[in-house]
Each structure stands twice: as C-alpha cells, then as structure tokens.
Amino acid sequence: KDVPTYIPEGLELAAVTKRQDQSDVFLSHKYSSIEELPEGAVVGTTSLRRRMQLLKLRPDLVVKDLRGNVNTRLRKLKEGQYDAIILAFIGLHRLDLLKDIPFSKKLSLDLMIPPMGQAALGIEIVCGDEKVREIAMSLNDKETFTCTKIERDFISKIGAGCSAPVACNAVINDNIVTFRAMIGFADGTNIMQEKIVRDIKESDDLGFELAEIMIKNGALNLLKGAESSAFKDEMPQRL
C-alpha cells in the first residue's frame, strides 16, 4: 500500500503477490464491537481513513491519535489509554497477537473500506531486465494485480494525497469485480461514497471510471477541503 502511484522513469511495478485479508480489525479489552462502545468512548487510530469512517458511523466517539509499533499500540490499549483501537488485521494475524486481546472483530469491507493496496505486496523492478521480470512474474497473482491496479488507477486519477481521508478497495468473486470508494472529511462529514459491480472482462478502466464519476460530483473540491481541515486542530503540536 506504500508504493506511490507514480513510478519513476526506468522502474516498473512488475508483479503483485497474492493478497491476504485486507480487513481492518476492532480491538478492545472492554467491548466486543464498535456498536457496543458507549457514547464518548476513546478509540485510537492515526489513519484519517479510519477516523472518517468511524466517525461517520459513530459521531459520538472520541478518536485520538495512536502511534508506535504494533506492540506499543497494543500496550497502550491494555493500559487503558484507549477503550478500543483499530489496526490492519493481517499484521496482527501474521504476528499471532490476536489471541492476547479479549475482544477482536474483523470489520466488513462495507463497514470499513481499506486503503489502496492493503495486504498486497508489490514487486518493483528496473525496466528492461527480462530475467528479473521473469522471476517477478513467477510470483504474480493475476486477480490481486487486477484489484490493486484498479485501486491505484483511482488514487492516481483523483489525485488524493496522504493528508486526505480516502478509502478504495476492489475484490473479485466469481469473475465479478466489486469496487468501493469513499472520500470525505476526517470528522466523518461531507462523505462521498460510490460502488461499482462489473464483470472482470470489463474492468480494465474501472478505477479511472469511478474517479471520473466522483470528480463530476465534486470530489476535487471535497478533497481540497478535507486536506486543509485534516490536521487543523493538531498542526501546532505536529510542527
């Protein structure tokens, strides 16, 4: 997910390995789900994307920054600094850390749309090296490559940076592509959300297509407002 949509000249994204579970996960030592959280509960996340979707669902919650490596974040949760936190599922699963948390619940892709490329590993190579390309392509997963291309095309077209809350995710089931996207303000307001379901044979430009639909509906002005307001309460501390 951290590979920029712009690839410098002389390099190419040759392959993407098979994607694992891209869901986010709710974690708590007190409550079993987002719905069970009491009014004013403190939820930890540094992701503007998660903050946007969480406050859209539960505007009564208090969302606070959560920094540090995975173990540090889990320790802060255990110490009671947060009533709940939200992290990517796959990292915790790989590290076998979920068993130590009393309440964990994977969030559906409709409830919490992931970011571009979550849980997918891209392999970038130097252009023109056919031997390296051959090695990279042996690791490529066709469906994952298709899904991440759709997501990357969307982000590239809409021009979203890291300072704007943006979520987009493509999945394939039985040769049907479902592509979800959401942009808005980090406080859960001014939400624009779209979903397209399309046969995989007609999905090559799906990312560009959905971006164009959202741009026609005012996405660029919305993103500009989202970027300017995202950190306004915290900017002095960050600087």
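**Exercise 1. Examine the start of helix H1 and work out how the helix is covered.**

Solution. At the start of H1, the backbone nitrogen of Arg49 has a side-chain oxygen of Ser47 within 3.2 Å. The model is a predicted one, in which local features need pLDDT of at least 70 and side-chain atom pairs count only at pLDDT 80 or more, while totals for chains, interfaces and linings use all residues. Residues are numbered from 1 along each chain as its sequence is written, and side-chain values use heavy atoms, with hydrogens and water left out.

The next step is to look at burial, where buried means under 20% relative accessible area, exposed means over 50%, and partly exposed lies in between (1.4 Å probe, protein chains only). Helix H1 covers residues 48-57, and 8 of its 10 residues are buried. The buried residues are Leu48, Arg49, Arg50, Arg51, Met52, Gln53, Leu54 and Leu55.

The last step is to find the partners of these buried residues, with contact meaning heavy atoms within 4.5 Å. They pack against strands S2 (24-28), S3 (42-44), S4 (62-64), S5 (84-88), S8 (166-173) and S9 (176-183). Helices (H or I, at least four residues) and strands (E, at least two) are DSSP runs, numbered from the N terminus.

**Exercise 2. Describe the surroundings of Ser203, and then follow its contact with Arg198.**

Solution. Ser203 belongs to the loop between strand S10 (192-199) and helix H6 (206-216). Its relative accessibility is 2%, and therefore Ser203 counts as buried. The side chain of Ser203 reaches the backbone oxygen of Ile200 at 2.7 Å; this is judged as a polar contact, which is a pair of N or O atoms within 3.5 Å where, within protein, one must be able to donate a hydrogen and the other to accept it, and where residues adjacent in sequence count only if both atoms are side-chain atoms.

When residues up to four places away in sequence are not counted, Ser203 touches Thr146, Ile150, Val177 and Arg198. Turning to Arg198, this residue is placed in strand S10, and its side chain makes a polar contact with the side chain of Glu209 at 2.8 Å. With neighbours within four places in sequence left aside, Arg198 is in contact with Asn175, Ile176, Val177, Ser203, Leu206 and Glu209.

**Exercise 3. Set Gly207 beside Leu121 and decide whether each is buried or exposed.**

Solution. Begin with Gly207, which is found in helix H6. Gly207 counts as buried because its relative accessibility is 0%. Its contacts, without residues up to four places away in sequence, are Ile150, Asp153, Phe154 and Phe179. Met137 is 70 residues from Gly207 along the chain, and the C-alpha atoms of the two are separated by 23 Å.

Continue with Leu121, which sits in the loop between strand S6 (103-106) and strand S7 (122-126). Leu121 counts as exposed because its relative accessibility is 53%. Even so, outside its neighbours within four places in sequence, Leu121 is in contact with Ala15, Val16 and Thr17. From Leu121 to Asn221 there are 100 residues in sequence and 32 Å in space, C-alpha to C-alpha.

**Exercise 4. Inspect the backbone of Asp96 and Asp174, and give the setting of each.**

Solution. The background is that most residues other than glycine have a negative phi. Asp96, although not a glycine, has a positive phi of about 55 degrees. Asp96 lies in the loop between helix H3 (89-94) and S6, and it is partly exposed, with a relative accessible area of 44%.

Asp174 also has a positive phi of about 55 degrees, and Asp174 is not a glycine either. Asp174 is located in the loop between S8 and S9, where it is exposed, with a relative accessible area of 75%.

**Exercise 5. Summarise the protein chain as a whole.**

Solution. First count the elements: the protein chain has 8 helices and 10 strands. Next consider its dimensions: along its principal axes the C-alpha trace spans about 55 × 40 × 40 Å. A compact globule of 239 residues would have a radius of gyration near 18 Å, and the 19 Å of the protein chain agrees with this; the radius is taken over C-alpha atoms, and the globule rule is 2.2 Å times the number of residues to the power 0.38.

Finally, turn to burial and contacts. Of the 239 residues, 47% count as buried. Among contacts between residues at least 6 apart in sequence, 68% join residues at least 24 apart.
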